[in-house]
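These are my notebook entries on a single chain and its ligand. I looked up the fold, the ligand shell, one helix pair and one backbone angle, in that order.

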Amino acid sequence: MSNLTILERPWPLLLLLTLATLGCQNHSPSPTETRATAEQNASAGAGLATADQSADLYDALGKRDGIERLVEDLMHFIVDDKRIAPQFKGLNVERFHSNLSDQICELAGGPCQYEGMAMTESHHGITETQFNALVEDLILAMEKNGIATGTQNRLLAKLAPLHPAIVDR
Ligand code: HEM
């Protein structure tokens, strides 16, 4: 899968950025927050969080196994991505894989609970450009896993409210 795919089909990114911009308007992160569920993280970043109306998103992502494969592929794309790989130097790979899988699983309506750090705690000095790079890598990983475009967009929409808690410069 080449980068061309992203250039030919920029609208998932546009969707994400539009939602992220909306999210910025209501952002009020708590500096004392150290742990949070994925949904709490999402609603901390935006007034967009609503009751999950897409219970089958979890199924469409291939349930827990599919999500774990997706996250593993995402991590490979990140390591190969010169734009953001340096940020992940020294990362506890196992912990990242497990926590990100939990987070995506929970946001997708699956039977998981994210128990990692709040996004404001685990991300410092992340730029808009770096955030977009990671989203591009996620799209590449979703393409690699044969995830349909509609499903990709639904996951991106679930992640969009996290944007204000992750990007801080
Ligand atoms: C949609 C965007 C993103 C999501 C959903 C996300 C999600 C996560 C999650 C769930 C963790 C695990 C926290 C924990 O283990 O307690 C994490 C950690 C981390 N993220 Fe992100 N992240 C995103 C964007 C980024 C970007 C753009 C960067 C840098 C370019 C980044 C760098 C890191 C690093 C370095 C850690 C490890 C922090 C640590 O263990 O101390 N993330 N992220």
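Entry 1, burial and fold. I counted a residue as buried if 20 or more other C-beta atoms lie within 10 Å of its own. The model I worked from is predicted. With that cut-off, I found that buried residues make up 34% of the 169 residues in the chain. I then looked up the secondary structure and recorded 10 helices and zero strands. Read along the sequence, the pattern is α-α-α-α-α-α-α-α-α-α. For the contacts in the chain with a separation of 6 or more, I noted that 81% join residues 24 or more positions apart.

Entry 2, ligand shell. How many residues surround the ligand? I recorded 21, and the closest are Gln87, Gly116, Met117, Gln130 and Leu134. I next sorted the shell by class and obtained 12 nonpolar, eight polar and one charged residues. Which helix gives the largest share of the shell? That helix is H6, with five residues. Helix H6, residues 93-107, and helix H8, residues 128-144, each supply at least two residues of the shell.

Entry 3, H5 against H6. Having met H6 at the ligand, I turned to its pairing with helix H5, which covers residues 63-79. The two axes come within 9 Å and cross at roughly 130°. Angles over 145 degrees count as roughly antiparallel and 65 to 115 as roughly perpendicular; H5 and H6 are therefore oblique to each other. I entered the crossing of H5 past H6 as right-handed.

I then listed the residues that meet. From H5 they are Arg64, Ile67, Glu68, Val71, Glu72 and Met75. Their partners in H6 are His97, Leu100, Ser101, Ile104 and Cys105. By class, the residues of this contact divide into six nonpolar, two polar and three charged.

Entry 4, a backbone angle in H5. Which sign does phi of Lys63 have, positive or negative? I read a value near 55°, which is positive, in a residue other than glycine. I marked the entry because most residues other than glycine have a negative phi. Lys63 is placed in helix H5. Is Lys63 buried, exposed or partly exposed? I counted 14 other C-beta atoms within 10 Å of Lys63. Since a residue is exposed at 12 or fewer and buried at 20 or more, Lys63 is partly exposed.

Key: Residues numbered from 1 in each chain as written. Predicted model: local features only at pLDDT ≥ 70, side-chain atom pairs only at ≥ 80, totals over all residues. Near = placed C-beta within 6 Å. Helix = DSSP H or I, 4+ residues; strand = E, 2+ residues; numbered from the N terminus. Nonpolar A, V, L, I, M, F, W, Y, C, P; charged D, E, K, R; others polar. Axes fitted to C-alpha atoms, helices over the stretch in contact; angles between N-to-C directions. Parallel < 35°, antiparallel > 145°, perpendicular 65-115°, else oblique. Left-handed = near helix turned anticlockwise from the far one by under 90°. Contact = placed C-beta atoms within 7 Å.
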